[in-house]
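Student: Please take one part of this model and go through it closely. I would like to see how that part fits into the chain.

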Amino acid sequence: MKTNQDTKTPERTSEAAPKPAELTSEISTMVTIEAQTLLQMQERLAWLEANLSDANHVIDELFQRVDKLERQIRYLASMTEAPSAVRPLSEEVPPPHY
């Protein structure tokens, strides 16, 4: 029923009240739709959780690769800083074919 905004009293409408069978059918339809919506949301959540898990795995692998590369770079940098790593050109021995 509609109410009159000014007087807050119910107004009469030409609509008849729904029958109990119609209400039951309507409620059943609403429950079915809500169940389907819930199922769709659960499927989406499962899909998102699987993708998140996959992404976390890839990120973990990338961090491990970055750590390995950083260790290699530090090793190579330490090799070039060693005093015996680079000799002055005057101390270099020419190759045997000269």
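Tutor: Start with a term: helices here are DSSP runs of H or I, at least four residues long. This is a predicted model. Now take residues 52-79. UniProt, in an unreviewed entry, places a "coiled-coil region" there. That annotation may be inferred rather than shown by experiment. In the model, the chain over residues 52-79 is 100% helix and 0% strand. The C-alpha atoms at the two ends of this stretch are 41 Å apart.

Next, the surrounding element. Helix α1 covers residues 20-81. The protein chain has one helix and two strands. Their order from the N terminus is β-β-α.

Leu23 also lies in α1. Together with Ile27 and Val31, Leu23 forms a nonpolar patch on the surface. The accessible area of the three residues comes to about 260 Å². Is Leu23 buried or exposed? Partly exposed: its relative accessible area is 37%. Partly exposed is the class because 37% falls between the limits of 20% and 50%.

Now the whole chain. Of its 98 residues, 0% count as buried. The protein chain exposes about 9,800 Å². Carbon and sulfur atoms supply 60% of that area.

Finally, confidence. Mean pLDDT for the protein chain is 81, with 76% of residues at 70 or more. Confidence is highest in α1, at a mean of 91. It is lowest in strand β1, residues 2-3, at a mean of 54. Where pLDDT is low, predicted coordinates should not be read in detail.

Terms used: Residues are numbered from 1 along each chain as its sequence is written. This is a predicted model: local features need pLDDT of at least 70, side-chain atom pairs count only at pLDDT 80 or more; totals for chains, interfaces and linings use all residues. Side-chain values use heavy atoms; hydrogens and water are left out. Patches are made of residues with over 30% relative accessible area and no salt bridge: like charges are joined within 9 Å, nonpolar side chains (Val, Leu, Ile, Met, Phe, Trp, Tyr) within 5 Å. Accessible areas come from the Shrake-Rupley method with a 1.4 Å probe; for residues, only the protein chains shown count as cover. A salt bridge is a side-chain nitrogen of Lys or Arg within 4 Å of a carboxyl oxygen of Asp or Glu. Buried means under 20% relative accessible area, exposed over 50%, partly exposed in between (1.4 Å probe, protein chains only). pLDDT is the predictor's confidence in each residue, from 0 to 100.
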